[in-house]
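Open the model in your viewer and keep the selection panel at hand. The stops below say what to select and what is there.

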Amino acid sequence: MSFHDPAALDCPFDFADALEFDPSLASLAERGPVSRIRLPYGEAEAWLVTSFAGVRQVTCDPRFSRAAIIGRDYPRMTPEPIVSPESINVTDPPYVTRLRQAAAQAFTRERVEAMRPAVDGVVAKLLSAVAETGPPADLVTSLSVPLPHLTICELLAVPEADRERLRAYTMRLLATSPAAREDAADAKAALREYFAGLIPARRDTPGEDLLSAMVTAPVAPGEEPLSDEELAVMAVTLILSGNDTATCQISNIVYLLLTRPEDQAALAADPARFPGALEELLRFIPFRKGVGIPRIALEDAEVEGTAIAAGDYVHVSYLAANRDPAVFPDPHTLDLERPVRPHMTFGWGGHHCLAAPLARAELDSAVTGLLTRFPDLRLAVAPEDIEWDTGTIRRFPVRLPVTW
């Protein structure tokens, strides 16, 4: 195989037209499974892998390292790197395995099932407030934003008086404006400092919360327990993910269903169908813009017939992989009857989202609760009048006015 350096394509990945798929990303995927791109921030160009098979290879192949990006001005979407150098999101085996094993104690199937009443309780409280206030209502401020944040705070046992402050920090960290860089760095440091302050008490007198579960997680023979710093970074990762995917997806899913009345009616009539339909909704929705955290090739490698040189940055697109026609026939069609098969909305490989079971529980509880409680729910404005986020890496309506 011969190494080559084709002209890189500038990819701002700033498309934010409702939940339409980014045409530049679709075009890249159609050109081939691997492209050369240039992102808004960072020192270098990168490879972008868009096919399901290619993304699966890169995310599972130890020759592609996330840890190697630490200390480098890697190509990215945001001015300030979102992840901390110590974060589980930029570690490789065997270290990442140790961190994930500790975090996994917090998200076992049994523990998530035990969490479900707490999730349902938060949903019921929020929906009661919506009903009492009466139509119209903004589902973003009344459900999508508070539910994941309140749930993860509840599960981490964050005191109620601190919860709004932590939400403000997470929002500052997700901004894409160049002017937001210093503010985002300050917010990240504040979150780490906050959780570092909680850990000693959880170690001394552990409770039933997720942070206590991680603090007291059993340690394999010969391994060191996680340090307070590692645990604090883990908690920041959880609260960031708790305010990211689920927050966007509640609004996005409700928007899609309210603009597809037949699908809405079918799910309202038979809520038991929702878990299967949810997987198709998650696959279909472009929940973010562009790409996330890259990897660096530790040695020469080949992906989908393209030669990758040692030291090259490699990004993957979970969004494009979810639209790969080789895996999902007629991929740009939302089909709630589509047979369920694995998708990449929660990542893949060693960095698959550990909290995915919790996110699914939140989405199931929120959407089925909403459709059941408000069977005649509908948009209060025309779909084209809904304002969509343009200031962060996420895709979601800034407001979602509904009536019933």
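A cavity here is a set of grid points where a 1.4 Å probe fits but cannot get out. Rolling a probe the size of a water molecule over the atoms shows where empty space is left. The model in front of you is predicted, and it holds 4 cavities of 30 Å³ or more.

**Stop 1: a cavity**

Go to the second largest cavity, with a volume of about 60 Å³. To see what surrounds this cavity, select Glu279, Glu280, Arg283, Phe328, Arg338, Pro339, Val340, Arg341 and His343, the residues that line it. How many residues of the lining are nonpolar, polar and charged? The lining has 5 charged residues, 3 nonpolar ones and 1 polar one.

**Stop 2: the six-stranded sheet**

Next, switch to a cartoon view and find the open sheet built from 6 strands. Moving across the sheet, the order is β1-β2-β3-β9-β6-β4, with mixed pairing. Select residues 9–10 for β1 and 64–65 for β4: these strands stand at the edges, and each has a single partner strand, so one side of each is left without a neighbour in the sheet.

Now add helix α2, residues 52–60, which packs on this sheet. Helix α2 touches β3, β4, β6 (295–297) and β9, and its direction makes about 125° with that of β9.

Within the sheet, select residues 46–49 for β3 and residues 313–316 for β9. Strands β3 and β9 pair in the parallel sense, over 3 bridges. Which residue in β9 stands opposite Val49? The residue to pick is Val316.

**Stop 3: the three-stranded sheet**

Clear the selection and look for another open sheet, in which 3 strands follow the order β5-β11-β10 with antiparallel pairing. Residues 137–138 give β5 and residues 378–379 give β10; these are the edge strands, each pairing on one side only.

Select residues 401–403 to show β11, which runs antiparallel to β5 and is joined to β5 by 2 bridges. Label Ala137 and then Val402 in β11: the two stand opposite each other.

**Stop 4: a salt bridge**

For the last stop, select helix α4, residues 109–133, and show the side chains of Arg116 and Asp120 in that helix. These side chains meet in a salt bridge, 2.8 Å from N to O. Along the helix, Arg116 and Asp120 lie 4 residues apart, about one turn. How many salt bridges does a search of the whole structure find? The search finds 21.

How values were computed. Residues numbered from 1 in each chain as written. Predicted model: local features only at pLDDT ≥ 70, side-chain atom pairs only at ≥ 80, totals over all residues. Heavy atoms only, no water. Pairing = 2+ DSSP bridges. Contact = heavy atoms within 4.5 Å. Axes fitted to C-alpha atoms, helices over the stretch in contact; angles between N-to-C directions. 1 Å grid on protein atoms, 1.4 Å probe; cavity = no way out; pocket = protein on both sides within 12 Å on 5 of 7 lines; lining within 4 Å. Points joined across faces, edges and corners; volume = space filled by probe spheres on them. Nonpolar A, V, L, I, M, F, W, Y, C, P; charged D, E, K, R; others polar. Salt bridge = Lys/Arg side-chain N within 4 Å of Asp/Glu carboxyl O.
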